Amino acid sequence: MGSGPADPRVVAGYDDRSAWRRDTLSEDGIGWIGAHGGAGASTLTRLLGGTDIGCRWPDPALAEPAQVMVVGRTNLDGLRAVSRALHAMRDGRHPAGMRLLGVVLIADAPGGLPAPLLGRIRLLRSIAPVHRLPWIPSYRVGEQPKRPPRQLSRLAAVVGPQVERRRQP
C-alpha cells in the first residue's frame with residue numbers, strides 16, 4: 001500500500017506546498033539577476049543589499065522582488081548574455097509583475113573596452129538604463145577598496161530606496 005492523498009496515514013498540512021505558494025512577486029526590495037555565471041550579482045548583493053536571484057527570473061513562491069537589475073560582465077559573452085535576457089523580457093518570458101530597473105555592467109578586466117564592445121553597450125543603452133562599474137582588483141580577492149568607485153556610489157543612489165524599503169519591518 002503506497003502513501004498518497006487517499007492513504008489514511010498521510011496527514012495534510014506542511015506537505016501541502018500549494019497552500020503556501022505565493023502568486024505574485026514582492027513589491028519590496030531589489031533583485032540582482034546574473035545574466036551569466038560570474039556576472040557579479042552576489043558581489044552587488046554583498047555591497048549594496050537586496051536579493052541575489054542568481055541566473056534565473058525571480059520566483060513569486062519565494063517572495064523575491066519584482067524590481068530587478070540584470071548584471072553582466074563587459075566581455076563579449078557577458079554582453080550577449082545580457083542581450084538574451086533583455087530579449088526574453090521583451091518577449092514576455094518573465095514572471096508577471098517583474099520590472100527592470102536597469103542593467104549593471106561590471107568590467108571584466110582593467111582598461112578601456114574595444115570599439116565592438118562599446119557598440120554593444122550603446123545598443124543596450126537604447127533598451128534599458130545601463131550602469132557601468134570599473135574593474136576593482138580588491139573585489140577579486142574579497143577585500144574592500146580603500147575608496148569605493150564613484151560609479152558604485154551612483155548605483156547605490158539608484159537602488160538605495162528599494163534596498164532600504166526591504167529592510168524595514
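Ala63 is partly exposed, with a relative accessible area of 21%. This residue belongs to the loop between strand 2 and strand 3. Its phi angle is near 55°, a positive value in a residue other than glycine. The model in which Ala63 appears is a predicted one. The points below proceed from the chain as a whole to its sheet, its helices and its nonpolar cores.

**The chain as a whole**

- The chain contains five helices and five strands.
- Along the sequence, these elements follow the pattern β-α-β-β-α-β-α-β-α-α.
- The chain has 169 residues, of which 39% count as buried.
- The chain exposes about 10,100 Å², and carbon and sulfur atoms supply 54% of that area.
- When contacts between residues at least 6 apart in sequence are considered, 70% of them join residues at least 24 apart.

**The sheet**

- Five strands form an open sheet in the order 2-1-3-4-5, and their pairing is parallel.
- Strand 2 (51–54) and strand 5 are the edge strands, each of which pairs on one side only.
- From one strand to the next, the twist averages 30°.
- Strand 1 and strand 2 run parallel and are joined by three bridges; here Gly31 has Thr51 of strand 2 as its bridge partner.
- Strand 1 is covered on both faces, with Gly31 and Ile33 buried on one side and Trp32 and Gly34 buried on the other.
- Strand 4 and strand 5 also pair in the parallel sense, over four bridges, and Val103 stands opposite Val130 in strand 5.

**Helices against the sheet**

- Helix 1 (residues 41–48) lies across strand 1 (31–34), strand 2, strand 3 (67–73), strand 4 and strand 5. The helix runs at about 160° to strand 1.
- Helix 3 (residues 115–125) has Leu117, Ile121 and Leu124 as its buried residues. Seen down the axis of helix 3, these buried residues fall within an arc of 55°, so they line one face of the helix.
- The face of helix 3 turned away from that buried side carries the exposed residues Ala115, Pro116, Arg122 and Leu123.
- The buried residues of helix 3 pack against helix 2 (76–90), strand 4 (99–106) and strand 5 (130–133).

**Nonpolar cores**

- In soluble globular proteins, nonpolar side chains tend to be buried together.
- The largest nonpolar core has 20 residues, and Val82, Val103, Leu105 and Leu124 touch the most other members.
- Strand 3, helix 2, strand 4 and helix 3 each supply at least two residues of this core. Helix 2 gives the most, with five residues.
- Another core, of 16 residues, lies apart from the largest one. Its members include Ala41, Leu44, Met69 and Leu155.
- Leaving aside residues up to four places away in sequence, Val103 touches Met69, Val70, Val82, Leu86, Ala128, Pro129, Val130 and His131. Among these contacts, Val130 is the residue that Val103 stands opposite in strand 5, and Met69 is a member of the core of 16 residues.
- Leu124 links two of the topics above: this residue is one of the buried residues of helix 3, and it is also among the residues that touch the most other members of the largest nonpolar core.

Methods. Residues are numbered from 1 along each chain as its sequence is written. This is a predicted model: local features need pLDDT of at least 70, side-chain atom pairs count only at pLDDT 80 or more; totals for chains, interfaces and linings use all residues. Side-chain values use heavy atoms; hydrogens and water are left out. Buried means under 20% relative accessible area, exposed over 50%, partly exposed in between (1.4 Å probe, protein chains only). The arc is that of the directions from the helix axis to the C-beta atoms. Contact means heavy atoms within 4.5 Å. Accessible areas come from the Shrake-Rupley method with a 1.4 Å probe; for residues, only the protein chains shown count as cover. Two strands pair if DSSP finds at least two bridges between them. Axes are lines fitted to C-alpha atoms, for helices over the stretch in contact, and angles run from 0 to 180 degrees between N-to-C directions. A nonpolar core is a set of buried Ala, Val, Leu, Ile, Met, Phe, Trp, Tyr and Cys residues joined through side-chain atoms within 4.5 Å.
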